[in-house]
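I wanted to look up how the two chains meet and what enclosed space the model holds. My entries follow in the order in which I checked things.

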Amino acid sequence: MPEGPTFAPPTDQSILLPFAGTRREIAEYEAHGGYQSLRKAVGMTGEQLVEEMIASNLRGRGGAGFPAGRKASFLAPGGERYLVINADESEPGTFKDREIILRNPHMLIEGILIYLWMIRGTAAYIYIRGEYHKEAAILEGAIAQAREQGYVGSPLMGTDYVPEVYVHRGAGAYICGEETALLSSLNGDRGQPTAKPPFPAVSGAFKKPTLLNNVETVATVPVILGMGGAAYAGIGTEQSTGTKMFSLSGHVRHPGNYEMPLSATYRDLIEGQGGGLPEGRTLKAFVPGGSSMPILMPNQLDTGLSFEAVVAAGSMAGSGAVIVVDDRTCMVRFALRTAEFYMHESCGKCTPCREGTRWITELLRKQEAGLGSSEEIDLLLDICDRVEGNCLCVLGDACAMPVRSHIRNFRDEFEEHARLGRCPCPDDAPMSELYPPLLRAPLPMVAAT
Amino acid sequence: MADLYDQIQAEIAKYPDRRGAILPALRHAQEHYGWLSPEAIEAVAEALDLSPARCVAVASFYDMFFLQPVGEHVVEVCTNLSCALVGSDQVLRRFEDELGVRAPGTSEDGRITLRRVECLGGCGWGPVVSVDEEYQEHFKPEDVAPLCERLRASRPTESHA
């Protein structure tokens, strides 16, 4: 029988998950200082808590890196308002929120309760992806324990505020990780994005002001209150403070989730924590922050993990999912597999994404089969340019940006497929071509205008 | 199915607007009926006081809802990047050979449905295979035959336990 998930040991700088194994029981969590930050928070006003968050300079851990304190301050005042936790973790390569839930669910619940108190939220909904069956059950169990302990569903620590927390399970749709699509889904519609404004802070869950945050962002809040915002801001870099979970996968000796200070580098992560590539293989490229981000090359290994360092290197830190690719890998197949995903997950609402992701995928499929041409490689780049920045949400960009980077960095491989009329990779290359070539008729070629 | 109706009412109580309960309601219905048959959709629509058309419109958006019958067991192989890099394509091929069907499809005896799915969130522990909603990590081609044997020997409810 295959073994279950293998959790990486904590790193020297772990403050979020500074222990091995799991702490799922509330008694265990409380024995290690759990729910003390909530107690501290209840002694503070909402404004003071927002100030503390701003002092920590915590940036959102879901992908965009928006300052979490400022985001909280945008919420429209008064009345019915909601907190929504984005646990829809679906960006390929990302499995960190799942590890937080599996290992330390009460840390998330405590963070939620602090946030709820801060905004005096009517209720919190944890939108967890439908596939996370076990994780949803763990959260339900943790909420039940917190309820028994009087933290949920009864007046909070001598105040008249009653917090309520629910788990809401998705049903399989990558796009529901996008905030407006998630809210459409929570509101009972198809999970399609909507135009902003209105922003969720004004009209979100059930058309009420809503604050939406990623699991890791919320789980970090008890740590920030425990050590103080200023002390937290002392870790990492000036613009990217604290530690962050990085999901390391692909061709690396020790894959897993590693908590790294944001002042560390990709080399520290891949070679230091991950032990480098398996024996006899060399690094071809790496994805720095989930499959939607442009790839980086081996000579960029010393790039910092901070938001600003990755941008300076020409990509984005995204969700912190690092995928290591070795020298045997066919980059045309890699690009095709990437594009297929976004084509499959496009919600179909806006034209550039719906049509663009399809065209990119079809052309890559031709290219992989050796039926493409140099002109069509240019056409691919042209389509990428036309998709990026022209879609209702960022899903179209998420397809165009990486594919463009695959072509730019490995153009010779794409050309070789066209020249040889087949994929030059050996049979034992990591990815096979799952679709027989031209299972469907290729799209007719039209000149780009 | 009075218990399904009651389950859906319990879900509705968690939301300020009953429409919020549509995903949990569809999930409960799928658990009861095995798939979202017209009868299942009708039951959801009635319990939520929404039109069946709206329920189908929502259900059809999501990968985890089955609008066609599926086998007693559902096996899903992640073939996204991280899993593909460590051999998930070979796992999928072995399943296809073992079950005599190309994904997506159901074995001729109707017992096992095989699907290729996108990232399941187990990227460092790949290849990841989801068997009746339960993840199996580090899955190897040689794990395929014993798994299929076990599934063929068990009824759907047993594998959930």
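By buried area I mean the accessible area (1.4 Å probe) that two parts lose on being put together, summed over both. I keep in mind throughout that this is a predicted model.

Entry, interface. I looked up the area buried between chain A and chain B and found about 4,800 Å², with carbon and sulfur atoms giving 56% of that. On the contact list, 70 residues of chain A touch 47 residues of chain B.

Entry, polar links. I counted 4 salt bridges between the chains, and I noted one that joins the side chains of B:Arg54 and A:Asp189 at 2.6 Å, N to O. Across the interface I also found 23 residue pairs in polar contact, both partners at pLDDT 80 or more. On the side of chain A that touches chain B, α13(A) supplies the largest share, 7 residues, and the residues of that side divide into 31 nonpolar, 25 polar and 14 charged.

Entry, cavities. I found 5 cavities of 30 Å³ or more, the largest of which holds about 90 Å³ of space. Its lining draws on both chains, including A:Arg169, A:Gly170, B:Arg27 and B:Glu133, and helix α2 (residues 22-33) of chain B gives the largest share, 3 residues. I sorted this lining into 4 nonpolar, 3 polar and 3 charged residues.

The second largest cavity has about 70 Å³ and is lined by 14 residues, with A:Pro193, A:Cys347, A:Cys350, A:Cys353 and A:Cys393 nearest its centre. Here α14 (351-368) and α16 (395-409) of chain A each give two or more residues to the lining, which I sorted into 9 nonpolar, 3 polar and 2 charged.

Methods: Residues numbered from 1 in each chain as written. Chains lettered and ligands numbered in written order. Heavy atoms only, no water. Contact = heavy atoms within 4.5 Å. Polar contact = N/O pair within 3.5 Å; in protein donor to acceptor, adjacent residues only side chain to side chain. Helix = DSSP H or I, 4+ residues; strand = E, 2+ residues; numbered from the N terminus. Nonpolar A, V, L, I, M, F, W, Y, C, P; charged D, E, K, R; others polar. 1 Å grid on protein atoms, 1.4 Å probe; cavity = no way out; pocket = protein on both sides within 12 Å on 5 of 7 lines; lining within 4 Å. Points joined across faces, edges and corners; volume = space filled by probe spheres on them.
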